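Student: Let's go through this model together. I will ask for the reasoning behind each label.

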Amino acid sequence: MKTVLLLLLSLQVSLFASFSGILLDANSSSPVAGALISDSKHDVKSDINGSFTIESNEKTYHIKAIGYRPYTFTSERNNTIIKLEPVKVKALYLTFWGASNNSKTLKNILKLIEETEANAIVVDVKNEYGSTQFWTGFKQANEYGAYKNRTNRDIKKFMKMLKERNIYTIARIVTFKDELQASNNPDYAIKKNDTNQTIWRNHDNMAWVDPFDKRSHDYAISIAEEAAKVGYDEINFDYIRFPAKKGLIYSQKNTQKNRIKAIESFLDEAKSRLRKYGVFISVDTYGNICWAKDDNGIGQTVSSLASRADYLAPMLYPSGFSKGSFYFEYPSEYPYEVVFRSVKTIQDRVKSARVRPWLQHFKDYTRRKKEYARDEIQAQIKATEDVGTNGWMMWSPSSKYNIDYLIKDPALF
């Protein structure tokens with residue numbers, strides 16, 4: 001009887017074990033409030049003094065605080081003072097084809113990170129076609145041949161190289177635009193509204209899966225989990241939306257309410273499944289989401305996304321705004337104003353510290369054909385600093401960047 005009682009008491013202790021600590025900024029030693037401390041199933045927040053207590057029978061915990069690098073610790077640690085490293089992410093996009101260990105593109109980007117303020121890389125872990133950067137443990141994608149065009153044969157070496165340089169790593173997951181998944185699953189691919197209801201493909205001949213269908217959610221999140229397992233700091237969901245085209249066939253009625261609910265459902269599931277890895281979640285959006293009063297027909301609003309993702313990443317390419325936007329006949333000629341005003345206008349729905357916009361590092365493709373060189377790149381970067389974003393992510397489709405454009409202009413800052 002005594003033995004049984006002791007076992008019950010022991011079980012009770014193990015079920016209600018807790019860990020308490022205090023979170024401090026590693027540079028200033030000031031308390032970090034509002035951080036999420038998580039095990040695999042739930043999370044708690046640090047208070048105004050940076051203090052927290054988490055009750056769990058698990059041994060590994062993760063900390064996510066806006067503006068800091070992710071942090072992992074175990075319940076065995078003796079010191080309850082935890083110092084978090086602040087980071088303002090300044091990322092360069094690395095193409096799918098450049099994400100191998102020996103590519104010239106990667107070497108050039110590493111050199112840029114050594115010599116400029118850039119400190120992060122966005123890597124295509126799953127591209128628009130559906131190919132994965134490395135061989136994942138996700139059987140379904142492998143059955144479709146997602147690994148066949150993989151560009152990295154030694155992902156452990158790749159991640160180790162980046163971590164040794166203290167580079168913040170972001171895994172870009174193209175979500176609902178996925179030729180491989182759609183062509184292998186025509187029952188939940190988006191269809192044309194024609195007699196045969198054939199699979200619809202967009203201008204670059206890529207099929208999409210139905211965002212209403214939970215199978216499409218599971219697929220993208222499963223690949224995101226694989227990215228988290230190998231050590232990426234953040235999962236960046238791109239094309240997490242409905243196609244900007246009318247007259248397509250979906251499994252549910254295509255209303256604004258249903259579209260928004262579908263995207264929210266995806267993010268709720270992603271948050272739940274990725275919690276145990278301690279990764280941040282960011283969401284790419286059109287730039288005009290900052291100005292729209294509805295969901296633009298694609299299921300995205302600032303409020304709905306901000307309530308679920310850690311960071312919002314609007315694509316604030318000045319060339320992407322139509323003539324007359326911001327009262328400018330040619331918005332591409334006003335890179336500072338486009339970025340600054342877009343972030344400023346959504347401050348009532350999301351703090352600027354949780355916004356990290358995509359910036360333009362490519363030639364203006366509108367009628368003006370303006371070159372985007374040092375002045376234009378620096379103007380965009382200055383706008384992010386003036387409005388208080390969590391840094392920026394620079395988009396060059398070829399991952400070619402000019403070092404002179406990225407070195408800070410002392411006359412501006």
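Tutor: Start with Tyr401. Leaving out residues up to four places away in sequence, Tyr401 touches Leu92, Tyr93, Ile109, Leu112, His361, Met394, Trp395, Ser396 and Leu406. Keep in mind that this is a predicted model.

Student: What makes these count as contacts?

Tutor: Heavy atoms within 4.5 Å make a contact. The C-alpha atoms of Tyr401 and Leu92 are separated by 8.5 Å, with the two positions 309 residues apart along the chain. The contact cut-off applies to heavy atoms.

Student: Where does Tyr401 lie, and why is Tyr401 called buried?

Tutor: Tyr401 is in the loop between strand 17 and helix 11. Its relative accessibility is 12%. Buried means under 20%, so Tyr401 counts as buried.

Student: Tyr93 and Trp395 are both on that contact list. Why is their aromatic pair called stacked?

Tutor: Check two values. The ring centres must lie within 6.5 Å, and for Tyr93 and Trp395 they are 4.0 Å apart. Stacked needs planes under 30 degrees apart, and here the angle is 20°. Therefore the pair is stacked.

Student: How do you know that the pair links distant parts of the chain?

Tutor: Tyr93 sits in strand 8 (residues 90–94) and Trp395 in strand 17 (residues 392–395), 302 residues apart. Both Tyr93 and Trp395 are buried.

Student: What makes strands 8 and 17 a pair?

Tutor: At least two bridges are needed. Strand 8 and strand 17 have 3, in the parallel sense, so they pair. Lys90 has Trp392 as its bridge partner in strand 17.

Student: How many bridges join strand 8 to strand 9?

Tutor: There are 4, and strand 8 runs parallel to strand 9 (residues 120–126). Ala91 stands opposite Ala120 there. The chain gets from strand 8 to strand 9 through helix 2 (residues 104–115), in a right-handed β-α-β crossover.

Student: Why is strand 8 described as covered on both faces?

Tutor: In a regular strand, side chains alternate between the two faces of the sheet. On one side, Lys90, Leu92 and Leu94 are buried; on the other, Ala91 and Tyr93 are buried. That is 5 of 5 residues.

Student: Take another stacked pair, Phe328 and Tyr334. Buried or exposed: what is each ring's residue?

Tutor: Phe328 has 13% relative accessibility, so it counts as buried. Tyr334 has 33%. Exposed means over 50%, and buried means under 20%, so Tyr334 is partly exposed.

Student: And what makes that pair stacked?

Tutor: The centres of Phe328 and Tyr334 are 3.9 Å apart and the planes 10° apart. The angle falls under 30 degrees, so the label is stacked. Both residues belong to one aromatic cluster with Trp291, Phe321 and Phe326.

Student: Why is Arg368 said to lie over the face of Tyr330?

Tutor: The distance limit is 6 Å from the ring centre. Arg368 is at 4.1 Å from that of Tyr330. Direction is tested too: within 35 degrees of the ring normal. Arg356 lies over the face of Tyr311 as well, at 4.5 Å.

Student: How do you know that the span of helix 10 agrees with expectation?

Tutor: Helix 10 (residues 374–387) has 14 residues, so at 1.5 Å a residue it should span 20 Å. Its end C-alpha atoms are 20 Å apart, which agrees. Just after helix 10, Gly388 takes a positive phi of about 80°.

Definitions and conventions: Residues are numbered from 1 along each chain as its sequence is written. This is a predicted model: local features need pLDDT of at least 70, side-chain atom pairs count only at pLDDT 80 or more; totals for chains, interfaces and linings use all residues. Side-chain values use heavy atoms; hydrogens and water are left out. Rings of Phe, Tyr and Trp (its six-membered ring) pair if their centres lie within 6.5 Å; planes under 30 degrees apart count as stacked, over 60 as edge-to-face and the rest as tilted. Helices (H or I, at least four residues) and strands (E, at least two) are DSSP runs, numbered from the N terminus. Buried means under 20% relative accessible area, exposed over 50%, partly exposed in between (1.4 Å probe, protein chains only). A crossover is right-handed if, with the strands pointing away from the viewer, the path from the first strand over the helix to the second runs clockwise. The expected span of a helix is 1.5 Å times one less than its number of residues.
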